[in-house]
Amino acid sequence: MCGIVGYVGNRSIVKTLLDGLKRLEYRGYDSAGLALLEADKIQVVKTIGKVKNLENRILNEYGEIEIAGPSAGIAHTRWATHGAPSERNAHPHLDSSGRFAIVHNGIIENYLELKSHLQGKGRVFVSETDSEVLAHLIAECYEGDLLSATAAALKKVHGTYGIAVIAVTDPGTIVVARHGSPIVIGVGNGETLIASDVSAIAAYTQRVIYLNDGDLAKITAETIDIRNIENIPVSREIAHIDWNPEAAEKSGYDHFMLKEICEQPEAVANAIRGRMDKGSATAILAGLNMTTREMAQVNRIVIAACGTSLHAGMVAQYFFEELASIPVDVEQAAEFRYRNPIIEPNSLVIPISQSGETADTLAAVREAANKGAIVAALCNVVGSTIARESGRGIYLHAGPEIGVASTKAFTCQVSVLLMMALLFGRNRRLSREDGLKIIDDVNSIPGLISQVLERKEAIEKIAKKYAGAKDFFYIGRGCLYPVALEGALKLKEISYIHAEGYHAAELKHGPIALLEAGVPVVALANNIPGKDKMIGNIQECHARQSPVIATATDGDNEIAGIADDVIWIPECSKFAAVVPTVVALQLLAYYIAKERGCEIDQPRNLAKSVTVE
Ligand code: F6R
């Protein structure tokens, strides 16, 4: 999704902006650009494609642009929504006079109406974007102060925005504003940075201010003045980023995705550390901020999430229902938001989001809060909007996830959700003895992942064998059913192979019509309840000549005897089995995509965090 970076201070401004944009590349984009404020003019450079193209263009056309500080600049990576990827549509956008430049994330819903009004006043538009109206509107509203002009312009706008503005009228200044699209301010010594994502600026400062919706800020190298849209000063705390910037580097791995797959033993260890108490055979999840009485009163759980996080929620349904006997509904967040869901006073709503910025999940949080639910979020990104607006919840501590395909966030989500189900279970009917078993299961997860990682060469071999397939099916049962969905999602997003996940029992209700030689089926046949039925499903696939790649528990000769290829998973409980199995499927997808020469960390059309509907 689109990314914003801005800088005001004494560093080489071009280098700082390009560096920030590169750190945002993982979010997915199709064009990039920057605008620099020089004495009495704004210089804009834009290209389609990678930030590297932008860098080359700057070097070829201008040599290295070193502007004596203090100076201000804003930069952007665009992921096309309104208008195709092109230089014209890339940000920054200027107003007709060239004196105001903006970058914008989000969507301006009433842009057509605003555009025709502004055209009526003689303003000339050069792009097809919704964003360009902001530049013209701010110029139109300018009466001597950039922040006031921005506030006046934004009052006319319907939609979502995170924006940054520079103007020749206000040298050494950037104005930012947020409504539905994140903006973070990095507080440096004699310099200030702004970004849509903290990873763009974490190398420069660990002190950040997260703007709230409705905030605007005027920043210079030395000052940060935050106001609401009525121009009334508001105060926001300075937070400290808890991860070091090296965590966001590839560290010798070919791809962030592989690095993040391999980091999972440590990521999960961080997610579970200090959160279980053997003495009382339960979990300690202080961020939930619920008394045992409040927990006991919860009579329904609703999980709202998207994509991989939704799959983690589907796994959690099995955990909560079996361990805590609490009915659970798992909702695609957009559906939750628009379906007028039934929320009772004792409903607990759990939004799950790696980024904490997914627009539909955020809207679900707001809908649930409005309906009086207790909302407790599972997020990875500390200080993200969903985490802050939920008010309570559990951080994953997975570290920054840069690869667009989510991996370590999922395994940390599942591990944390198992602890949460343990906590609610112990709060109700789960015995101490059974509670201790779950603690052992949770503690076993990092070791189980390590064992699968040790087998990655074997998985790579299988991947190479099937990398030419055009279609794949993934089938599972019980808590491995959502793992089948997740395995298929991983494969399609990074290898572009058509892949579908199904409950194994659903196969014969339609999809089996598509099975034939050359259409592999990945059957999750671990030795956990449901395996016997999976054996039948594998036979059904064979009868249609589909090759079967099975996940099987170490030493299971029965599965080895009927599958064409086996990915071995260490022996473990059915709850713990989710994690090593999904890690094996992450590796399978990774190696297939690598074999096909795909751009694994930045798959086409995808964005790391989907901050628009
Ligand atoms: C898949 C993937 C997406 C995200 C989804 C939700 O690999 O990354 O499906 O899981 O966009 O994102 P978050 O968890 O940030 O809300």
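Good morning. A polar contact, as the term is used in this talk, is a pair of N or O atoms within 3.5 Å. The structure before you is a predicted model, and I shall begin with its ligand.

In the side chain of Glu 493, an N or O atom stands 2.5 Å from an oxygen atom of the ligand. That distance falls within the 3.5 Å limit, so the pair is a polar contact. A second side chain takes part as well: an N or O atom of Lys 490 is 3.0 Å from a ligand oxygen. Gln 354 contributes through its backbone instead, with a polar backbone atom 2.7 Å from an oxygen atom of the ligand. How much of the ligand's own accessible area does the protein cover? On its own the ligand has 410 Å² of accessible area, and the protein covers 90% of that.

Let us turn to the shell of residues around the ligand. Two elements give two or more residues to this shell, namely α9, residues 307-324, and α16, residues 481-495. There are 14 residues around the ligand, and those that come nearest are Ser 309, Ser 353, Ser 355, Thr 358 and Glu 493. Sorted by class, the shell holds eight polar, four nonpolar and two charged residues. Where does the ligand lie with respect to the domains? It lies between domain 2, residues 250-453, and domain 3, residues 455-599, because both of them give residues to the shell.

I stay with helix α16 for a moment. Glu 486 has its place in this helix. Its relative accessibility is 0%, and Glu 486 therefore counts as buried. From Glu 486 to Ala 552 the separation is 66 residues in sequence, and 17 Å in space from C-alpha to C-alpha. Past the helix, the loop between α16 and β23, residues 498-503, contains Tyr 496. Is Tyr 496 buried, exposed or partly exposed? With a relative accessible area of 28%, Tyr 496 is partly exposed, since that class runs between 20% and 50%. Tyr 496 and Ala 368 are 128 residues apart in sequence, and their C-alpha atoms are 35 Å apart in space.

Next, two residues in strands. Ala 75 belongs to strand β4, and at a relative accessible area of 0% it is buried. Its C-alpha atom is separated by 45 Å from that of His 503, which is 428 residues away along the chain. Val 208 sits in strand β11, residues 207-210, and is likewise buried, with a relative accessible area of 0%. Between the C-alpha atoms of Val 208 and Ala 550 the separation is 47 Å, and the two residues are 342 residues apart along the chain.

I come now to the backbone. Most residues other than glycine have a negative phi, and most peptide bonds are trans. Against that background, three places deserve attention.

The peptide bond from His 91 to Pro 92 is cis, its omega being near 0°. Pro 92 is located in the loop between β4, residues 71-78, and β5, residues 93-94.

Ala 281 is not a glycine, yet its phi is positive, near 55°. This residue occupies the loop between β15, residues 276-277, and β16, residues 282-283. Its relative accessibility is 0%, so Ala 281 counts as buried.

Gln 545 also has a positive phi, near 70°, in a residue other than glycine. Gln 545 is in the loop between α17, residues 531-543, and β25, residues 548-553. Is Gln 545 buried or exposed? It is exposed, because its relative accessible area is 55% and the class begins over 50%.

Finally, the cysteines. How many disulfides does a search of the whole structure find? The search finds zero. Cys 262 illustrates this, for the nearest cysteine sulfur, that of Cys 412, is 14 Å away. A disulfide requires the two sulfur atoms to be within 2.5 Å, so Cys 262 is in no disulfide. At 17% relative accessibility, Cys 262 counts as buried, the limit being under 20%. Cys 141 is also buried, with a relative accessibility of 17%.

To close, I return to the ligand: in this predicted model, it lies between domain 2 and domain 3, and the protein covers 90% of its accessible area. Thank you.

Key
Residues numbered from 1 in each chain as written. Predicted model: local features only at pLDDT ≥ 70, side-chain atom pairs only at ≥ 80, totals over all residues. Heavy atoms only, no water. Buried < 20%, exposed > 50% of the residue type's maximum accessible area, 1.4 Å probe, protein only. Helix = DSSP H or I, 4+ residues; strand = E, 2+ residues; numbered from the N terminus. Near = heavy atom within 4 Å. Polar contact = N/O pair within 3.5 Å; in protein donor to acceptor, adjacent residues only side chain to side chain. Areas by Shrake-Rupley, 256 points an atom, 1.4 Å probe, with all protein chains shown as cover. Nonpolar A, V, L, I, M, F, W, Y, C, P; charged D, E, K, R; others polar. Domains from an automatic or database assignment.
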